[in-house]
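Biologist: I'm new to this structure and would rather know one part well than skim the whole thing. Please pick a part, take a close look at it, and then show me what else to look at around the model.

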Amino acid sequence: MKIYTLHTKQKLPINLEKAWDFLSDPKNLKVITPDAMGFEILSGADRPMYPGQLIQYYVSPFPGFKTKWVTEITHVMDKQYFVDEQRFGPYALWHHKHFLKEIPGGVEMEDIVDYKIPFGFLGQLLHPILVKSKLRTIFEYREQKLIELFGAFRNATTI
């Protein structure tokens, strides 16, 4: 069983409260997801994030392939981190940790995604071509969208 990890960090020139308010609101996931993904929230995003929250949505990771995805928010530590785990969807395993940390001039946002793809050996062969590159594209889009929304980090000493 091969488990892959995607690890990203991004610095944003906003205070911790503003970062938390945006990133922990499930409705904002659509804002930072590429339109090509066909992301559509079906239910569960009508309340502030809490442990046990189930969020259902449609996603189209590849043209012609639309699937339902259900994630559960399993852990929340206010203004520090939250964790979402897939309960139903395209991955054999999806465990996504989101960390926020105050730094001089803003916040550092860190994502660690541990995932396993289905289809055994065939899935492992397709991983570098389809899955890994698609995830990188999604997280690069997210990084650019957050810069567009909040500005680029400039090593400032005050927020």
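Modeller: Happy to, and let's get three words straight before we start. A residue is called exposed if its relative accessible area is over 50%, buried if that value is under 20%, and partly exposed if it falls in between. Keep in mind, too, that you're looking at a predicted model.

My pick for the close look is strand β7, which runs over residues 106-116. How much of β7 is covered? Mostly covered is the verdict, as 11 of its 11 residues are buried. Now look at the strands that pair with β7. On one hand there's strand β1, residues 4-12, which pairs with β7 in the antiparallel sense over 9 bridges. If you want a spot to find that pairing by eye, go to L12, which stands opposite V107 in β7. On the other hand there's strand β6, residues 93-103, again antiparallel to β7, with 11 bridges. Here the pair to find is L100 and M109, since L100 stands opposite M109 in β7. β6 and β7 also make up a hairpin, with 2 residues between them. Check out G105 in that turn, as its phi is positive, at about 90°.

Let's zoom in on one residue of β7, D114. Is D114 buried or exposed? D114 counts as buried, because its relative accessibility is 18%, and the limit for that word is under 20%. What does the side chain of D114 meet there? It makes a polar contact with the side chain of T5, at 2.7 Å. Leaving out residues up to four places away in sequence, D114 touches I3, Y4 and T5, and also L93, W94, H95 and K97. Of those, T5 falls in the range of β1, residues 4-12, and L93 falls in the range of β6, residues 93-103, two strands that you've just met as partners of β7.

From here, walk along to helix α2, which covers residues 120-150. A nonpolar patch shows up on the surface, formed by F119, F121, L122, L125, L126, I129 and L130. Together they have about 760 Å² of accessible area. Take L126 as your example from helix α2. L126 counts as partly exposed because its relative accessibility is 35%.

Further along α2 there's a charged pair. Side chains of opposite charge can pair when their charged atoms come close. E148 and K145 form a salt bridge, with the closest N and O atoms 3.1 Å apart. Both lie in helix α2, 3 residues apart, which is about one turn of the helix. Their surroundings don't match, though: E148 is exposed because its relative accessible area is 59%, whereas K145 counts as buried at 18%.

How many salt bridges does the model have? The count comes to 7. Among them is the one where the side chains of K27 and D25 meet, at 3.8 Å from N to O. K27 counts as partly exposed at 46% relative accessibility, and D25 is partly exposed too, at 24%. Another salt bridge joins D78 and K79, with 3.1 Å from N to O. D78 is partly exposed, with a relative accessible area of 46%, and so is K79, at 26%. You'll also find a network of salt bridges that links E72, E85 and R87.

One last stop is helix α1, residues 16-23. E17 is found in this helix and is partly exposed, at 47%. Despite being 85 residues apart in sequence, E17 and E102 are 9.7 Å apart in space, C-alpha to C-alpha. After the helix comes N28, in the loop between α1 and β2. N28 counts as buried because its relative accessibility is 16%. A polar atom of the N28 side chain lies 2.9 Å from the backbone oxygen of F22. Setting aside residues up to four places away in sequence, N28 touches D21 and F22.

Conventions:
Residues numbered from 1 in each chain as written. Predicted model: local features only at pLDDT ≥ 70, side-chain atom pairs only at ≥ 80, totals over all residues. Heavy atoms only, no water. Patch = residues over 30% accessible without salt bridge, like charges linked within 9 Å, V, L, I, M, F, W, Y side chains within 5 Å. Areas by Shrake-Rupley, 256 points an atom, 1.4 Å probe, with all protein chains shown as cover. Salt bridge = Lys/Arg side-chain N within 4 Å of Asp/Glu carboxyl O. Helix = DSSP H or I, 4+ residues; strand = E, 2+ residues; numbered from the N terminus. Buried < 20%, exposed > 50% of the residue type's maximum accessible area, 1.4 Å probe, protein only. Polar contact = N/O pair within 3.5 Å; in protein donor to acceptor, adjacent residues only side chain to side chain. Contact = heavy atoms within 4.5 Å. Pairing = 2+ DSSP bridges.
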